[in-house]
Amino acid sequence: MNRLAPLFVIIAASLWGFDGIVLRPSLYNLPVFLVVFLESIIVTAILTPFFIKRFPLLKTLEFKDWMAFLGVAIFGGVIGTVSITKALFFVNFVNLSIVVLIQKLQPVFAIILASLLLKERPAPAFYFWSALAIAGAYFMTFGASLPNFDTGDKTTYAALYAMLAVIGFGSSTVFSKRALKNVDFETGTYLRFLMTTTVMLVLIFATGNASNITDVTQANWGIFLLIALFTGGPGIFLYYFGLKRITASIATICELAFPLTAVILEYILRGNILSIIQWSGVFILFLAILKVSSIKPSVVDSSELQS
């Protein structure tokens, strides 16, 4: 089974690429907070019957365990998911594969945060390749042009939201490492969605978005079910299952299926394709991320779990 573990990560990453390009942008008519809440609560409702028998085990979790899962929910389930959803909602303004490709910067931020919070120290080469990865992401997004906030072009805003998502997911990976210390990957996945649902429930009432649930159309509900049954819960399960059996550096390579799927779908469905300069940025970004992932495996493993 360990030999097939990378395949599970590849499949999960491909599902997320399909989600980002085909499914999630179709929910643009709804408030982002409501989208994330409904996505989370549907997955939680589906998984709950399978975890009822495990509820007594939750009593054995310590306060620090719950705080770690709360961190995963806030940074990954809320900040990360809300930000990437907001970025993807600019469907009429930006090549969505750019938003997805920016997500490959996550290992850089995860290692930086692991250094700050877990006192892990990356090798000096990490800083060089990280800077190169950020430069590659810039050229991939803007080409040879400077970002302009005054033109009405939403590319810059989408890119900024995508970067915020990277920081959120990167923070979540550090909390995930601590959160999974005393639970298996199945329970960890369930608690991730349960805690996210709880936090989002508070936010939708605080922002007044709860009343917008009447705006959810039948088509929207269909998309939510597809996300929950096809790319949401199953995607996380497959990813965590594979990730428990391979190193983070191998997982990072497998996760290239995420942006690759997005680029292919973006071209097939919308005819969007990157320019030569943008493709050069993609190449630089991928090369730098692969180099970052090969530096000190013990450090890279701190970003072992993606939210």
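**Exercise 1. Determine which acidic residues form salt bridges with Arg24 in this predicted model, and state whether the partners are buried or exposed.**

Solution.
Step 1. Arg24 forms a salt bridge with Asp19, and the closest N and O atoms of this pair are 3.0 Å apart. Both Arg24 and Asp19 are buried.
Step 2. Arg24 also forms a salt bridge with Glu39, with 2.8 Å between the closest N and O atoms. This pair links distant parts of the chain: Arg24 is in the loop between helix 1 and helix 2 (32-51), whereas Glu39 is in helix 2, 15 residues apart. Glu39 is buried, as is Arg24.
Step 3. Asp19, Arg24 and Glu39 are accordingly linked in a network of salt bridges.

**Exercise 2. Identify the residue with which Arg54 forms a salt bridge, and classify the accessibility of each partner.**

Solution.
Step 1. The partner of Arg54 is Asp184, the closest N and O atoms being 3.0 Å apart.
Step 2. Arg54 lies in the loop between helix 2 and helix 3 (55-58), and Asp184 lies in the loop between helix 8 (155-179) and helix 9 (185-206), 130 residues apart. The pair thus links distant parts of the chain.
Step 3. Arg54 counts as partly exposed because its relative accessibility is 27%, and the limits for this class are 20% and 50%. Asp184, at 32% relative accessibility, also counts as partly exposed.
Step 4. The count of salt bridges comes to 3.

**Exercise 3. Compare the span of helix 1 with its expected value, and list its buried residues.**

Solution.
Step 1. Helix 1 (residues 5-23) has 19 residues. From its first C-alpha to its last it reaches 26 Å, close to the 27 Å expected at 1.5 Å a residue.
Step 2. The buried residues of helix 1 are Ala5, Val9, Ala12, Ala13, Leu15, Trp16, Gly17, Asp19, Gly20, Ile21 and Leu23. Asp19, one of these, is a salt-bridge partner of Arg24.

**Exercise 4. Locate the nonpolar surface patch that includes Leu260, and state which helix contributes its largest share.**

Solution.
Step 1. Leu260, Ile264, Tyr267, Ile268, Leu269, Ile273 and Trp279 make a nonpolar surface patch of about 750 Å².
Step 2. Helix 12 (residues 257-270) supplies the largest share, 5 residues.
Step 3. Leu260 lies in helix 12, and Leu260 counts as exposed because its relative accessibility is 52%.

**Exercise 5. Describe the overall architecture of the chain.**

Solution.
Step 1. The chain has 14 helices and 0 strands.
Step 2. Of its 307 residues, 54% are buried.
Step 3. Among contacts with a separation of 6 or more, 89% are between residues 24 or more positions apart.

Terms used: Residues numbered from 1 in each chain as written. Predicted model: local features only at pLDDT ≥ 70, side-chain atom pairs only at ≥ 80, totals over all residues. Heavy atoms only, no water. Helix = DSSP H or I, 4+ residues; strand = E, 2+ residues; numbered from the N terminus. Buried < 20%, exposed > 50% of the residue type's maximum accessible area, 1.4 Å probe, protein only. Contact = heavy atoms within 4.5 Å. Patch = residues over 30% accessible without salt bridge, like charges linked within 9 Å, V, L, I, M, F, W, Y side chains within 5 Å. Areas by Shrake-Rupley, 256 points an atom, 1.4 Å probe, with all protein chains shown as cover. Salt bridge = Lys/Arg side-chain N within 4 Å of Asp/Glu carboxyl O. Expected span 1.5 Å × (residues − 1).
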